[in-house]
Amino acid sequence: MIETDVLIIGSGPAACSAALYTVRAGFKTVLLGGKNFGGQLVQTNEVENYAGFIDPINGFELMNKMHKQCQRLGAEILQKTAVSVKKDGKKMLTEIEGGEIISSYAVLAATGATARWLGIDGENKYKNHGLSACATCDGFFYKGKTVAIIGGGNTAFEDALFLTNFCQKVYLIHRRAGFRADETTIKKAQNNPKIEFVIPAVTTKILGDDKAVTGIELQNPETKEIKTLQLQGIFVAIGSIPQTKFLAESGVKLAESGHIIVDEKQRTNIEGLFAAGDCQDAIYRQAIVAAGSGAKAAIEIINYINQVK
Ligand code: NAP
């Protein structure tokens, strides 16, 4: 059994920001790195809207700095994944993979979110064979090739711009004519000669030759016309799904969207269990907002432990 005051499940901006507060309040703090160490930001090429950095910072580098900052102040980071959490008197007992238990006064769920997929024909077959949900990770493999990005949010636009560094041509495919991405980023993409917009277009099939992606089938939702594009790579950027399954199985109340329900103090329905970051945020999903909610949760955790310890 591992004993700590605070257990933080996650290693993204919410987790790290919370850890800074709890260690500086004198509480032993352990972070669980999880399967996606560093969270979604490590897959982000350039971050330009996290205050404090004059020039854009690479997402991986930003998370690396946060981890080092936490460790310098005394937080411990374990490369483990949580599988269940339960309340046991004044303590919380968290089981990690392999069966070991971590006992703590409070747990912060900062489990983040992962990529959403389309759920269409050919998707499962061609994942990692020309189909990816991470342009930052896989874009380099498509040097000189023609690729498509699916989505109309900031991720899709930023990925499309990033891919123009390697690819000969980038189709930006979106199911409707309006976009969710911010105006500055939309303009950058519109002014980039390598990006061609295919809108409105619903992706109906991923096409391939049994080994790798060779094209994409699209349908115009207005005219119902079907067309195909020949290409070598497809990147899906249609949002994310909160990572909350094991928490729901542990009795944590979720909204219909799968996000953890918290009150204004980041408290869940289980006393001693708090939540912060994208696992409980269906609206903003920004690194800076996640960091803020982590700090808020940590302040409430400090108050809570001071009462129960
Ligand atoms: P998002 O903003 O939720 O956009 C998802 C896009 O995918 C939407 O355009 C949506 O279309 C489309 N979509 C959803 N389900 C679909 C489906 N089944 N088939 C086809 N298209 C589908 O997600 P995101 O781009 O990942 O961004 C998430 C959050 O992170 C946002 O708040 C965003 O601003 C933020 N973000 C910020 C930055 C930055 O500031 N540097 C970078 C990346 C992300 P509809 O519009 O038609 O619903």
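Which element gives the most to the lining of the second largest pocket? Helix H8 does, with four residues, and the legends below return to that pocket after a visit to the ligand. Please keep in mind that everything shown here comes from a predicted model.

**Figure 1. The shell around the ligand.** Let us start with the neighbours: the ligand is surrounded by 17 residues. Asn49, Thr155, Arg175, Arg176 and Arg180 are the closest of them. By residue class, the shell holds eight polar, five charged and four nonpolar residues. Two domains take part, as domain 1 (2-115 + 240-308) and domain 2 (123-236) each supply at least three residues of the shell.

**Figure 2. Polar contacts of the ligand.** Three side chains are worth a closer look here. In the side chain of Thr155, an N or O atom sits 2.8 Å from an oxygen atom of the ligand. Glu158 offers a side-chain N or O atom 2.9 Å from a nitrogen atom of the ligand. For Arg175, a polar side-chain atom is found 2.9 Å from a ligand oxygen atom. On its own the ligand would expose 910 Å², and the protein buries 80% of that area.

**Figure 3. The second largest pocket.** This view turns to a pocket with a volume of about 170 Å³. Its lining includes Lys265, Arg267, Thr268, Ile270, Glu271 and Gly272, and further on in the chain Leu273, Phe274, Glu300, Asn303, Tyr304 and Gln307 also belong to the lining. Strand S19 (273-275) and helix H8 (287-308) are the elements that each contribute two or more residues. The lining is split into four nonpolar, four polar and four charged residues.

**Figure 4. A cis peptide bond before Pro200.** Is the bond from Ile199 to Pro200 cis or trans? The peptide bond is cis, and its omega is near -15 degrees. Pro200 belongs to the loop that joins strand S13 (195-198) to strand S14 (202-208). As a reminder, most peptide bonds are trans.

**Figure 5. A positive phi at Asp210.** The loop between S14 and strand S15 (213-219) contains Asp210. Although Asp210 is not a glycine, its phi is positive, at about 80 degrees. Most residues other than glycine have a negative phi.

Definitions and conventions: Residues numbered from 1 in each chain as written. Predicted model: local features only at pLDDT ≥ 70, side-chain atom pairs only at ≥ 80, totals over all residues. Heavy atoms only, no water. Near = heavy atom within 4 Å. Polar contact = N/O pair within 3.5 Å; in protein donor to acceptor, adjacent residues only side chain to side chain. Areas by Shrake-Rupley, 256 points an atom, 1.4 Å probe, with all protein chains shown as cover. Nonpolar A, V, L, I, M, F, W, Y, C, P; charged D, E, K, R; others polar. Domains from an automatic or database assignment. 1 Å grid on protein atoms, 1.4 Å probe; cavity = no way out; pocket = protein on both sides within 12 Å on 5 of 7 lines; lining within 4 Å. Points joined across faces, edges and corners; volume = space filled by probe spheres on them.
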